[in-house]
Amino acid sequence: MGFSITLQPDNDTFTAEAGETILEAATRNGHKLARGCGDGACGMCKGNVLQGAVDHGKSTEIGLPLADRDAGMALFCCAKPTSDVVVERREMSSSWDMLEWDMPME
Ligand code: FES
């Protein structure tokens, strides 16, 4: 069963399929969110979870320090909704925010 994701400030609602991250669902629905490593380490995909709950999955404390997690933030490349959620994406500041790194991390 999927959960609905409402993306702010776009106020667009779409459904995440079971096991899908917020970033995967948003990308599948045509949103270009900030992203970097895609593996929970760089923090470039970080955004706010305004309502609802997520499973933080493989988020690392480097990418998502505990204080940010406690403040309601999540790494959208790792976070999977566990309820309907309202999330706020970060504004992209440059083309670097759109990078998807394919290099293996050592
Ligand atoms: S893209 Fe690097 S932590 Fe999500």
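Which residue takes a positive phi in the hairpin of β1 and β2?

## The hairpin of β1 and β2

In this predicted model, the residue in question is N11, whose phi is near 55° in a hairpin that has three residues between its strands. The two strands, β1 (residues 3–8) and β2, run antiparallel to each other and are joined over five bridges. Within this pairing, T6 faces T13 of β2 as its opposite residue.

## The sheet around the hairpin

The hairpin strands belong to an open sheet of five strands, arranged in the order β2-β1-β7-β3-β5, in which the pairing is mixed. Its edges are formed by β2 and β5 (73–75), each of which pairs on one side only. On average, and with direction ignored, neighbouring strands of this sheet are turned by 35° against each other.

Strand β1 also pairs with β7 (residues 85–88), here in the parallel sense and over four bridges. T6 therefore serves as a useful point of orientation, with T13 standing opposite in β2 and V86 as its bridge partner in β7. In a regular strand, side chains alternate between the two faces of the sheet.

## The loop after β2

Beyond β2 (12–16), the chain enters a loop that leads to α1 (22–28), and E17 lies in this loop. Leaving aside residues up to four places away in sequence, E17 touches G2 and R28. Although E17 and G2 are 15 residues apart along the chain, their C-alpha atoms are separated by 4.5 Å.

Methods
Residues are numbered from 1 along each chain as its sequence is written. This is a predicted model: local features need pLDDT of at least 70, side-chain atom pairs count only at pLDDT 80 or more; totals for chains, interfaces and linings use all residues. Side-chain values use heavy atoms; hydrogens and water are left out. Contact means heavy atoms within 4.5 Å. Two strands pair if DSSP finds at least two bridges between them. Axes are lines fitted to C-alpha atoms, for helices over the stretch in contact, and angles run from 0 to 180 degrees between N-to-C directions.
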